[in-house]
Amino acid sequence: MDLILVSKFELTKVVLEGNILEKAEEVKKIEDRLLKEEKFVVESIHFAFGKEQVESDFKAILDSLAVVLRLHPDWKLRIEGHTDSWGTEAYNQDVSKHRAVAAKVYLLHIGVDPTQLVKALGLGMSQPIGDNETPAGRYKNRRVEFKLEK
């Protein structure tokens with residue numbers, strides 16, 4: 001199903017699967033968070049063991065983020081991958097970098113302007129937002145953050 005979004009900057013055609021209203025709401029939510037908080041956090045990014053491919057639930061979020069970036073061609077994002085504290089520091093550093101790079105590669109693949117994706121960083125377990133002693137806390141720490149660059 002096609003959804004055509006019109007802004008004064010450009011006309012963007014995006015192929016969306018499923019409920020159009022739900023997708024439009026997701027786009028607006030991402031845009032609002034980036035405008036208000038200058039970051040958008042996606043928690044619990046899952047990759048198959050030993051794989052770096054972006055899973056379908058994460059693709060849907062990235063598709064919405066791509067729409068936001070097309071509507072704001074002057075915006076530039078830094079992508080940061082994070083992990084929980086399970087595993088060694090080196091392993092988590094590597095995993096977090098792969099998460100950030102996988103998000104960047106997917107966004108580039110679906111047509112986001114490369115100049116809008118400034119950096120893809122792996123920060124490992126260095127910046128937890130949850131308690132690594134609990135499953136819920138570890139869940140929150142496994143995330144990718146998209147931050148607006150000034």
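Author: Let's start with a rule for reading strands: two strands pair if DSSP finds at least two bridges between them. In this predicted model, E4 and E5 are joined by 5 bridges and run parallel.

Reader: Nice, that gives me a place to look. Which residue of E5 stands opposite isoleucine 79?

Author: That is alanine 120. You can try the exercise again with E3 and E6, where 5 bridges join two strands that run antiparallel. Phenylalanine 40 has phenylalanine 146 in E6 as its bridge partner.

Reader: Before we go further, how many helices and strands does the protein have?

Author: There are 4 helices and 6 strands. Going along the sequence, their order is β-β-α-β-α-β-α-β-α-β. It also helps to ask how far apart in sequence the touching residues are: among contacts with a separation of 6 or more, 70% are between residues 24 or more positions apart.

Reader: How do I read the two faces of a strand?

Author: The general idea is that side chains alternate between the two faces of the sheet in a regular strand. Take E3 as the case here: Phe40 and Val42 make up its covered face, while Lys39, Val41 and Glu43 lie on the uncovered one.

Reader: And is E4 largely enclosed or largely open?

Author: E4 is largely enclosed by the rest of the structure, because 5 of its 6 residues are buried. For the protein as a whole, buried residues are 41% of the 150.

Reader: Now the helices. Why can I trust that the span of H2 agrees with its number of residues?

Author: You can check it with a ruler. Helix H2 covers residues 56–71, and at 1.5 Å a residue its 16 residues should span 22 Å; the C-alpha atoms at its ends are 23 Å apart, so the two agree. Next, look at which residues are covered: the buried ones in H2 are Phe58, Leu62, Ser64, Leu65, Ala66, Val67, Val68, Leu69 and Leu71.

Reader: Many of those are nonpolar. What does the largest nonpolar core look like?

Author: To read a core, ask how many residues it has and who makes the most contacts inside it. This one has 29 residues, and Leu34, Phe58, Leu62, Leu65, Leu107 and Phe146 have the most contacts within it. At least two residues come from each of helix H1 (20–37), strand E3 (39–43), H2, E4, helix H3 (89–109), strand E5 (117–122) and E6. The element that gives the most is H2, with 8 residues.

Reader: Could you take one of those residues as an example? What is phenylalanine 58 in contact with?

Author: If we set aside neighbours within four places in sequence, phenylalanine 58 contacts Val42, Ile45, Ala103, Val144 and Phe146.

Reader: Let's turn to charges. How many salt bridges are there?

Author: The search of the whole structure gives 9. A good example is the pair of glutamate 149 and arginine 78, whose side chains meet with N to O at 2.4 Å. This pair links distant parts of the chain, 71 residues apart: arginine 78 is in strand E4 (residues 77–82), and glutamate 149 is in the segment after strand E6 (143–148).

Reader: Why does glutamate 149 count as partly exposed?

Author: Its relative accessibility is 25%, and partly exposed runs between 20% and 50%. Compare glutamate 145, in strand E6: its relative accessible area is 2%, so glutamate 145 is buried.

Reader: A buried glutamate! Which residues does glutamate 145 meet in salt bridges?

Author: One partner is arginine 143, at 2.8 Å from N to O. The other is lysine 147, with the closest N and O atoms 3.4 Å apart. Arginine 143 is buried too, and so is lysine 147. Follow the links and you find a network of salt bridges joining Arg78, Glu80, Arg143, Glu145, Lys147 and Glu149.

Reader: And what else does glutamate 145 touch, beyond residues up to four places away in sequence?

Author: Glutamate 145 touches Lys39, Phe40, Val41, Arg78, Ile79, Glu80 and His82. Happy exploring!

Terms used
Residues are numbered from 1 along each chain as its sequence is written. This is a predicted model: local features need pLDDT of at least 70, side-chain atom pairs count only at pLDDT 80 or more; totals for chains, interfaces and linings use all residues. Side-chain values use heavy atoms; hydrogens and water are left out. A salt bridge is a side-chain nitrogen of Lys or Arg within 4 Å of a carboxyl oxygen of Asp or Glu. Buried means under 20% relative accessible area, exposed over 50%, partly exposed in between (1.4 Å probe, protein chains only). The expected span of a helix is 1.5 Å times one less than its number of residues. Contact means heavy atoms within 4.5 Å. A nonpolar core is a set of buried Ala, Val, Leu, Ile, Met, Phe, Trp, Tyr and Cys residues joined through side-chain atoms within 4.5 Å.
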